[in-house]
Amino acid sequence: RKVATMASSKPELVYFDIQGRGFPIRLAFTCGKIEFKDTRLSFPEFKKLKESGAFPFGQVPVLNLDGKQITQGDAIMRYVCSKGGLIPSDPIQALRVDEICTALNDITAPLTFTIVPHKYGMPPWPTDKKEFMAVRKNLNDKVIPNILSGVEKLVASSGFAVGGKLSMADLMIFSVATSLTAGYIDGIDKKILSPFPKLSAICKLVSEQPAVKACVKVEEEAAKARKAKK
């Protein structure tokens, strides 16, 4: 498979030096065999750039593409996947992929609210964390399992999520599952995916792809480097 081309210059993904919302986009670039510049910002660097007005919505990820800056992670993800052959050509299958990815956003959005409530115009959590953990418990016990149950019903009975080949849906399932089961989100059970065998199987299948292994290795090395700096 030849390396895909996207524009006259190499696209630049700008995000923090963590997985977060940048991880699925990095996966899409790598799995789609698209060369890109992976610019990783420290939080002080981001703050300085944000205050300078570098980002239209004051947030990342952004994609610098052929002289233009593209915002919004979902839009960037879909664009990269479309260029990398990770969107089914069949319109109904593509619709299913979008359906799955949109459903998964109902997991990431409330989790993001618990992490950065000020982004949504809310005050910081009380210092005793009781209210915070109560919200996380509701997400862990009800909200997230309900969404995972729905997605479990949407994916194929075996193999990849849609159409028998790797797609944006698989990358998003893997990315969200990686965050949920990593153990760094307080109040979220690392085994939250266990009741969902099809989603678990998809994550295992995705993790075995050489391009995904390469991307995960980059993330692991970045994490080690961050830890060494502390």
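**Exercise 1.** Work out how Glu99 and Arg96 are placed in helix 4, and what links them.

*Solution.* Start with the sequence: Glu99 and Arg96 sit three residues apart in helix 4 (residues 91-115), so about one helical turn separates them. Helices here are DSSP runs of H or I with at least four residues, strands are E runs with at least two, and both are numbered from the N terminus. Next, check the contact: Glu99 forms a salt bridge with Arg96, with the closest N and O atoms 2.6 Å apart. That term means a side-chain nitrogen of Lys or Arg within 4 Å of a carboxyl oxygen of Asp or Glu. Finally, look at accessibility: Glu99 is partly exposed at 36%, and Arg96 is partly exposed at 33%. (Buried is under 20% relative accessible area, exposed over 50%, partly exposed in between, with a 1.4 Å probe and protein chains only.)

A word on the model: it's predicted, so local features need pLDDT of at least 70 and side-chain atom pairs 80 or more, while totals for chains, interfaces and linings use all residues. Residues count from 1 along each chain as its sequence is written, and side-chain values use heavy atoms, leaving out hydrogens and water.

**Exercise 2.** Find out which parts of the chain Arg40 ties together through its salt bridges with Asp17 and Glu219.

*Solution.* First, Asp17 meets Arg40 at 3.1 Å, N to O. Asp17 lies in the loop between strand 1 (12-16) and helix 1 (23-31), and Arg40 in strand 2 (residues 37-41), so parts 23 residues apart in sequence are tied together. Second, Glu219 meets Arg40 at 3.0 Å. Glu219 belongs to helix 8 (residues 210-229), so this pair spans 179 residues in sequence. Glu219 is buried, at 3%.
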